[in-house]
Amino acid sequence: MGGCSIDGDRELTSSAALTLVLVGKTGNGKSATGNSIIGSKEFESKRSSSGVTNTSELSTIELEDGRVLNVIDTPGMFDSSLDPETIGEQIVRCINMAKDGLHAVLVVFSICSRFSEEENAVISSLVALFGTKIYDYVIIVFTGGDELEDDGKSLDDFLRDSPDALKEILCLCGDRRVLFDNKTKDQTKKAGQVQQLLSCVKTVLEKNGGEPYTNEMFTELQKKHKDLQEQTEKIQALKLTKEFTQHDMLVLIEQMRHNQLKLIIEMFESKFKEIQLKLEKLLEEEKSAREKAESNAKEEQKKSKEEIEKLKKKLKEAKEAKEAREAKAKEAKEAKEAKNNEAKKAGKAWYECVIL
Ligand SMILES: Nc1nc2c(ncn2[C@@H]2O[C@H](COP(=O)(O)OP(=O)(O)OP(=O)(O)O)[C@@H](O)[C@H]2O)c(=O)[nH]1
Ligand SMILES: [Mg+2]
């Protein structure tokens with residue numbers, strides 16, 4: 001048994017706001033989990049073959065103890081289909097939203113989808129960007145608790161049969177995991193799963209001495225964002241003249257924003273390329289392994305089909321041989337009966353002739 005135990009008596013130690021960020025593959029239920037945490041429909045969540053959330057969004061609630069909880073929902077940031085610019089832009093947006101740093105990173109997996117290399121890539125991307133220290137902040141959230149319940153299984157049952165890669169991730173994250181059923185209407189269940197998550201957040205806070213996650217790049221990005229804000233304010237404070245119009249001002253701000261983003265993307269670019277190349281290679285390997293397994297299965301199917309055909313043929317031959325034997329036996333029996341009848345007739349004729 002792992003996870004985080006619920007201890008209602010333990011209070012979160014500081015009164016500063018807590019910030020959680022939801023990351024994971026597109027469609028795994030990040031927005032739905034965000035809504036379950038907040039307790040209302042703040043983020044758009046729906047079934048779709050393409051990504052639903054296009055940009056990171058923040059929503060806030062006040063916890064029972066008065067502490068403010070910020071929840072950041074993100075798009076499928078580390079999906080292999082996205083270009084580094086889009087990913088860079090989202091990471092920057094997300095880091096800027098987490099003004100006081102990140103207290104926990106919720107990596108969302110779905111019970112309903114196969115644990116693939118793409119899921120693994122979310123974790124390796126986080127580590128590549130933020131270092132192994134990020135593991136101390138990760139909580140794994142599994143969505144689809146209702147589906148698991150329908151199968152009569154517990155999360156432990158599910159994890160027992162899960163691939164080694166997932167078990168390894170859980171181990172690296174201190175086995176902090178929570179199961180969410182984002183479809184439930186049961187208020188007690190809803191409150192229970194959020195409580196379980198908050199209990200994991202407490203464990204993370206205790207482990208990290210209450211300090212939010214931050215690193216050099218994180219602070220650098222926040223500093224750049226602050227600089228940009230200050231510069232923007234300065235420009236906005238400038239008096240508009242005939243020579244310096246509102247349009248000029250907007251162009252200038254946009255240009256600054258663009259230059260800053262370019263700078264940040266350059267910081268990430270080499271790492272992204274590395275991650276994406278690695279992911280592409282792993283996906284290719286996974287695909288060829290799957291194709292090989294499928295072709296082996298087809299070969300096996302063909303072989304068993306041939307075996308069945310052979311058996312059917314043997315069975316048919318045995319049946320025909322049996323029928324031939326029975327026909328022969330019937331013929332012999334009829335011949336014997338005919339002979340007996342002949343003999344009886346001859347005996348009768350002899351008796352009539354001699355005796356009478
Ligand atoms: N049965 C079930 N469905 C769920 C659960 N959580 C999410 N879903 C469904 O999964 C689908 C995708 O959910 P989203 O919350 O939009 O997923 P997302 O990760 O935010 O997706 P993107 O924004 O595209 O990255 C929706 O149809 C949800 O209703 C759950 O616990 N159980
Ligand atoms: Mg979403």
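Strand β1 (residues 18–24) pairs with strand β3 (residues 68–73). The two run in the parallel sense, and five bridges join them. This is a predicted model. One contact to look for is L18, which stands opposite L69 in β3.

β1 has another partner as well. It pairs with strand β4 (residues 104–110), also in the parallel sense and over five bridges. Here L22 of β1 has L106 as its bridge partner in β4.

How much of β1 is buried? Seven of its seven residues are. Both faces of the strand are covered. One side carries L18, L20, L22 and G24. The other carries T19, V21 and V23.

Now turn to the ligand. Ligand 1 is surrounded by 25 residues. The closest are G29, S31, S45, R47 and T53. Which helices each supply at least two residues of this shell? They are α1 (30–38) and α4 (145–150). By class, the shell has 14 polar residues, seven charged ones and four nonpolar ones.

Last comes helix α9, which spans residues 246–355 and contains L277. Is L277 buried or exposed? L277 has 10 C-beta neighbours inside 10 Å, so it counts as exposed; the cut-off for exposed is 12 or fewer. F180 gives a sense of distance. L277 and F180 are 97 residues apart in sequence. In space, their C-alpha atoms are 33 Å apart.

Terms used
Residues are numbered from 1 along each chain as its sequence is written. Chains are lettered from A and ligands numbered from 1 in the order in which they are written. This is a predicted model: local features need pLDDT of at least 70, side-chain atom pairs count only at pLDDT 80 or more; totals for chains, interfaces and linings use all residues. A residue is near a molecule or strand if its C-beta atom, placed from the backbone, lies within 6 Å of it. Helices (H or I, at least four residues) and strands (E, at least two) are DSSP runs, numbered from the N terminus. Ala, Val, Leu, Ile, Met, Phe, Trp, Tyr, Cys and Pro count as nonpolar, Asp, Glu, Lys and Arg as charged, and the others, Gly among them, as polar. A residue is buried if 20 or more other C-beta atoms lie within 10 Å of its own, exposed if 12 or fewer, and partly exposed in between; C-beta atoms are placed from the backbone. Two strands pair if DSSP finds at least two bridges between them.
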